[in-house]
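User: I'm new to reading protein structures. Could you walk me through a few features, one at a time?

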Amino acid sequence: YDNLQTAQGTSLYSGTVTIGTSVSASKYYPEDLTRKVGTFTYANGTSTVYRIADTDDVWNGSDQRVVVDAHFGASMVYDYFKTVHGRNGIDGAGGPTAYAAANGGAGLISSIVRYSTAYNNAFWDGTKMTYGDGDGSTFAPLVSLDIAAHEMTHGVTQYEANLTYQNESGALNESWSDVFGALVERYVYGESTDTWKIGEDCYTPGTSGDALRYMDDPHDASNGGYTSNDDPDHYSERYTGTSDNGGVHINSGIPNHAFYLLAKGGTHHLSGVAVTGIGADDAGKIWYKALADYMTASTNFAGARQATLSAASALFGGSSAQYTSTQSAWCAVGVG
Ligand SMILES: CCC(=O)Oc1c(C)cccc1C(=O)O
Ligand SMILES: [Ca+2]
Ligand SMILES: [Zn+2]
């Protein structure tokens, strides 16, 4: 989580807050009443959630860093969707905030850290983001910025297309979360090769340079290819089994790579189809509009192609470079 040092020691929120029925002495809480994001924690390994207070507003305790990271992540994700897409929060109306309100906090979009014990996972549970600390080998705490954005985008998807979390619609659900994970990281830190890696800041802390997934190279050929990280980047290679809800974290490589080619351009190593990049900003606009205006729960890969073409046409015109490159990006990965 050292990629979030900038948030360390800065005032996250200060002042006197009402806790439950009594007003507390002035303390500092990771609760941002402007963005309406707040961060809470489980007591180590228990199921008791509580608010985290600090007396001097310098959040540098070893058990405070995951709080800072999760809170910073949620704040940046809020800013990205508001500033870039004009979306207010996860549900579009500054929420959902019911969880915090029911747990003694003000109405806030909540992140919970320190879930379970050595938990190598992070998830959106329908009302809030939740992060494990990782086991220290496969994962460090899973509060890196692209993972926070991935999880919060599951929330955005739920309020928009609500893509069913299995088979092709589930792989689209996963892919849209990876795409906005990448775009939020790019928004905050600028574009780099890390933009297209997912989870690189917390995956295998003992190994540098690797990641959970790779949008630029789902096959992860960079380390000899066909490893445990080997995901397809062409429709002809799609997984058709039943594990992982029908391969939602596997087949996501196909639309992920389509987005990467649309943004950055390139020639697909298998189909040989060349794509002229349009830049990640326009590609992100097309992907957001497709999710919000054209995709539904049962949308499959062919439907996602059509949705992104409709979005590209509405945004840039049916004979625009953006539309043409959207066509070739899906053609490159064997869809449509
Ligand atoms: C990039 C974030 C991610 O994939 O989180 C998950 C992990 C680490 C395990 C299982 C599911 C997820 C998920 O959010 O899909
Ligand atoms: Ca990344
Ligand atoms: Zn996910």
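Analyst: We'll go through helix packing, then the ligand, then two backbone details, and keep in mind that this is a predicted model.

User: Okay, helices first. How do people describe two helices that pack together?

Analyst: You give two things: the angle between the axes and the distance between them. Try helix α7 (residues 280-294) and helix α8 (residues 301-316): their axes come within 8 Å and cross at roughly 115°. Since angles of 65 to 115 degrees count as roughly perpendicular, α7 is roughly perpendicular to α8. The crossing is right-handed.

User: Which residues of α7 and α8 make the contact?

Analyst: On the α7 side you'll find Asp-282, Lys-285, Ile-286, Trp-287, Lys-289, Ala-290 and Tyr-294. From α8 come Ala-307, Thr-308, Ser-310, Ala-311, Ala-312, Ala-314, Leu-315 and Phe-316. Sort the contact of α7 with α8 by class and you get ten nonpolar, two polar and three charged residues.

User: Let me try another pair. At what angle do α6 and α9 cross?

Analyst: Helix α6 (residues 253-264) and helix α9 (residues 321-332) cross at roughly 140°, with axes that come within 9 Å. This crossing of α6 and α9 is right-handed. Pro-255, Ala-258, Leu-261 and Leu-262 of α6 touch Gln-322, Ser-325, Thr-326, Ala-329, Trp-330 and Ala-332 of α9. The classes here are seven nonpolar, three polar and no charged.

User: Which residues of α6 make the contact with α4?

Analyst: Those are Pro-255, Asn-256 and Phe-259. Their partners on helix α4 (residues 167-189) are Ala-171, Leu-172, Ser-175, Asp-178, Val-179 and Leu-183. In this contact of α4 with α6, six residues are nonpolar, two polar and one charged. The axes of α4 and α6 come within 8 Å and cross at roughly 40°, and the crossing is right-handed.

User: Now the ligand. How many residues surround ligand 1?

Analyst: There are 13, and the closest are Asn-121, Glu-151, Glu-174, Arg-213 and His-249. Next, look at individual atom pairs. Glu-174 has a polar side-chain atom 2.8 Å from an oxygen atom of ligand 1. For Arg-213, a polar side-chain atom is also 2.8 Å from an oxygen atom of the ligand. With Ala-122, a polar backbone atom does the job, 3.4 Å from an oxygen atom of ligand 1.

User: And the backbone? What should I look out for?

Analyst: Most peptide bonds are trans, and most residues other than glycine have a negative phi, so the exceptions are worth a look. One is the bond joining Gly-95 and Pro-96: this peptide bond is cis, with omega about 5°. You'll find Pro-96 in the loop between α1 (65-85) and α2 (98-102).

User: Where is Lys-36, and what is its phi?

Analyst: Lys-36 sits in the loop between β5 (31-32) and β6 (37-42). Its phi is near 60°, a positive value in a residue other than glycine.

Key
Residues are numbered from 1 along each chain as its sequence is written. Chains are lettered from A and ligands numbered from 1 in the order in which they are written. This is a predicted model: local features need pLDDT of at least 70, side-chain atom pairs count only at pLDDT 80 or more; totals for chains, interfaces and linings use all residues. Side-chain values use heavy atoms; hydrogens and water are left out. Axes are lines fitted to C-alpha atoms, for helices over the stretch in contact, and angles run from 0 to 180 degrees between N-to-C directions. Helices (H or I, at least four residues) and strands (E, at least two) are DSSP runs, numbered from the N terminus. Angles under 35 degrees count as roughly parallel, over 145 as roughly antiparallel, 65 to 115 as roughly perpendicular and the rest as oblique. A crossing is left-handed if the near helix is turned anticlockwise from the far one by less than a right angle, and right-handed if clockwise. Contact means heavy atoms within 4.5 Å. Ala, Val, Leu, Ile, Met, Phe, Trp, Tyr, Cys and Pro count as nonpolar, Asp, Glu, Lys and Arg as charged, and the others, Gly among them, as polar. A residue is near a molecule or strand if one of its heavy atoms lies within 4 Å of it. A polar contact is a pair of N or O atoms within 3.5 Å; within protein, one must be able to donate a hydrogen and the other to accept it, and residues adjacent in sequence count only if both atoms are side-chain atoms.
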